[in-house]
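Subject: Handing over a structure

Dear colleague,

I am passing on the structure below so that you can look through it alongside this message. Please open it first, and then read on at your own pace.

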Amino acid sequence: MFWNEKMETLRGRALADLQLSRLKWTVAQAAHVGFYQRKLSEANLSPASIRSLDDLDKIPFTYKKDLREGYPFGFLAVPRQQVVRIHTTSGTTGKPTVVGYTRADLDNWSDLIARNMTMVGLRQGDVFQNAVNYGLFTGGLGFHYGAERMGLTVIPAATGNTKRQIEMIQDFGVNAIHCTPSYAMHLAEVAESMEARMDSLTTGMFGAEPWSENMRRELETRLQVKAYDSYGLSEMYGPGVAFECPERDGLHIWHDSYLVEIIDPRTGERLGDGERGEMVITPLVKEAMPLLRYRTGDITQFMEDGCGCGRGQKIARITGRSDDMLVIRGINVFPSQIEHVLLSLDGIGQQFMVHVDRVNHLDEMTIEVEMNRAVFSGELADLARLQKKVTAALHDALGLRTQVKLVEPGSLPRFEGKAKRVVDHRGQLW
Ligand SMILES: [Zn+2]
């Protein structure tokens with residue numbers, strides 16, 4: 001055996017040993033939670049019955065609705081007095097989900113974020129603008145403490161006042177920024193309208209909503225940065241579950257801290273590398289709120305080939321959450337697919353809004369798309385041609401007929417946090 005292969009094998013074994021010991025610890029920790037006591041005993045399991053990583057299969061899934069039903073503190077595995085911080089998820093329906101953190105959790109989380117930023121080449125002394133919401137949303141404080149841990153110079157800019165954000169980038173020599181991809185696009189638009197240059201920027205870290213490869217190209221050109229995709233969810237601390245390396249081709253999972261499975265969402269069967277399905281995550285170091293086999297609703301796949309950077313397991317970029325998925329006349333559509341198509345066409349801007357209606361018992365999707373300035377001031381005949389072109393491109397990509405409505409530049413809403421690009425007027429008909 002070549003030395004390299006031997007090292008690989010040893011490394012793989014060391015990782016598996018670490019994962020197994022942490023999985024056992026996590027199951028024991030979860031057994032402090034009433035919900036898991038019941039679930040484990042129903043499945044005839046105890047912490048001692050986890051002897052190998054394959055035993056993970058025997059553990060029942062945890063669903064978002066379980067967490068909602070545990071509101072507010074039903075999933076804490078430690079006394080509430082040991083919880084030093086609380087975040088909540090943005091509950092679109094009903095009660096939000098509460099996530100508690102012990103001091104050790106906050107430490108682990110900061111380390112994970114610091115690893116993300118180290119991986120993309122940031123170092124002590126770099127100037128970092130954190131342009132996300134600092135409230136209960138985990139992206140703000142999560143990145144903030146991770147960046148401070150590394151010794152970056154942190155500007156807690158939060159969202160809003162975009163002109164001021166641009167001035168800070170210029171005045172403080174900011175080289176790295178973290179925000180949602182939609183806000184990054186807005187920042188680029190405003191900077192262009194001010195004819196402001198942001199030459200110091202080199203690194204953009206974008207997360208909290210799915211975004212496409214065309215969006216990456218657009219952001220990299222307009223902001224003159226390398227754009228990295230960040231993945232996480234509040235139920236697992238927040239951001240810091242997986243992140244892109246300098247190859248920018250899929251996200252590495254921090255697999256000493258998160259055990260990831262891809263399953264068929266209908267059958268629950270585990271899928272192999274290269275097969276698309278729902279990501280299920282078991283965090284391995286969470287103290288206040290351990291979770292077992294959490295159904296994320298996020299659709300992705302393990303990538304088959306290794307990575308040029310030499311790091312381990314990678315997942316493909318998330319195409320959408322099952323929550324974001326629209327079912328239009330039986331066809332699954334993610335807003336990120338629409339974005340991808342629109343960004344590939346000339347004559348239109350990046351902003352769009354999707355309206356879904358039911359007309360004569362049929363789903364109808366209308367997509368409002370902003371024209372760019374040049375087209376807007378042009379001839380009407382061109383508009384008809386452009387509308388046809390957009391409709392045809394969407395039809396090709398989605399396999400679905402849609403209505404396209406071209407609207408004035410600047411007329412659609414801009415988003416500082418997560419973009420809300422879909423309005424479903426169909427209501428609950430089933
Ligand atoms: Zn890599």
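Does Tyr 145 count as buried, partly exposed or exposed, and what is its relative accessibility? Before the answer, please keep in mind that this is a predicted model. Tyr 145 has a relative accessibility of 39%, and because buried means under 20% and exposed means over 50%, it counts as partly exposed. Its place is in helix H5, and, leaving aside residues up to four places away in sequence, Tyr 145 touches Arg 85 and Ser 110. The C-alpha atoms of Tyr 145 and Leu 106 are separated by 8.6 Å, although these two residues are 39 residues apart along the chain.

Helix H5 (residues 138-150) also leads us to the sheet, since the chain crosses from strand E3 through this helix to strand E4, in a β-α-β crossover that is right-handed. The sheet itself is open and is formed by 8 strands, in the order E4-E3-E5-E6-E7-E8-E9-E13, with mixed pairing. E4 and strand E13 (314-315) are the edge strands, each of them pairing on one side only. As general background, strands of a sheet pair through backbone hydrogen bonds, either parallel or antiparallel.

Strand E3 (residues 127-130) is a good place to follow this pairing. E3 and strand E4 (residues 153-155) run parallel and are joined by 3 bridges, with Gln 129 standing opposite Ile 155 in E4. E3 and strand E5 (residues 176-179) also run parallel, again with 3 bridges, and here Asn 130 stands opposite His 178 in E5. Both faces of E3 are covered, as Val 127 and Gln 129 on one side and Phe 128 and Asn 130 on the other are all buried. For an antiparallel pair, please look at strand E7 (residues 226-233) and strand E8 (residues 238-244), which are joined by 4 bridges, and where Ser 230 stands opposite Phe 243 in E8.

Turning to the interior, the largest nonpolar core has 63 residues, and those that touch the most other members are Met 117, Phe 128, Tyr 231, Tyr 258 and Ile 281. Helix H4 (residues 103-119) gives the most to this core, with 7 residues. Not counting residues up to four places away in sequence, Met 117 touches several residues, including Phe 128, Phe 143 and Met 205. There is also a second, separate core of 29 residues, and among its members are Val 127, Ile 177, Ala 188 and Leu 219.

Leu 219 is also one of the buried residues of helix H8 (residues 213-223), together with others including Asn 214 and Arg 216. The buried residues of H8 pack against helix H7 (181-193), strand E6 (203-207), E7, E8 and helix H9 (335-343). Just after H8, Gln 224 takes a positive phi of about 55°.

Finally, which residues are the protein donors of the zinc ion? They are Cys 245, His 252, Cys 307 and Cys 309, whose donor atoms lie 2.1 to 2.3 Å from the ion, and in sequence they are spaced C-x6-H-x54-C-x1-C. The site is tetrahedral, with angles of 99 to 116° among its 4 donor atoms. Cys 245 counts as buried because its relative accessibility is 0%, and His 252 likewise counts as buried because its value is 2%.

With best wishes

Conventions. Residues are numbered from 1 along each chain as its sequence is written. This is a predicted model: local features need pLDDT of at least 70, side-chain atom pairs count only at pLDDT 80 or more; totals for chains, interfaces and linings use all residues. Side-chain values use heavy atoms; hydrogens and water are left out. Donors are N, O and S atoms within 2.8 Å of the metal (3.2 Å for Na, K and Ca); water is not among the atoms, so sites may look incomplete. Four donors count as tetrahedral if all angles lie between 85 and 135 degrees; four count as square planar and six as octahedral if opposite donors are over 155 degrees apart and all others between 65 and 115; anything else is irregular. Buried means under 20% relative accessible area, exposed over 50%, partly exposed in between (1.4 Å probe, protein chains only). A nonpolar core is a set of buried Ala, Val, Leu, Ile, Met, Phe, Trp, Tyr and Cys residues joined through side-chain atoms within 4.5 Å. Helices (H or I, at least four residues) and strands (E, at least two) are DSSP runs, numbered from the N terminus. Contact means heavy atoms within 4.5 Å. Two strands pair if DSSP finds at least two bridges between them. A crossover is right-handed if, with the strands pointing away from the viewer, the path from the first strand over the helix to the second runs clockwise.
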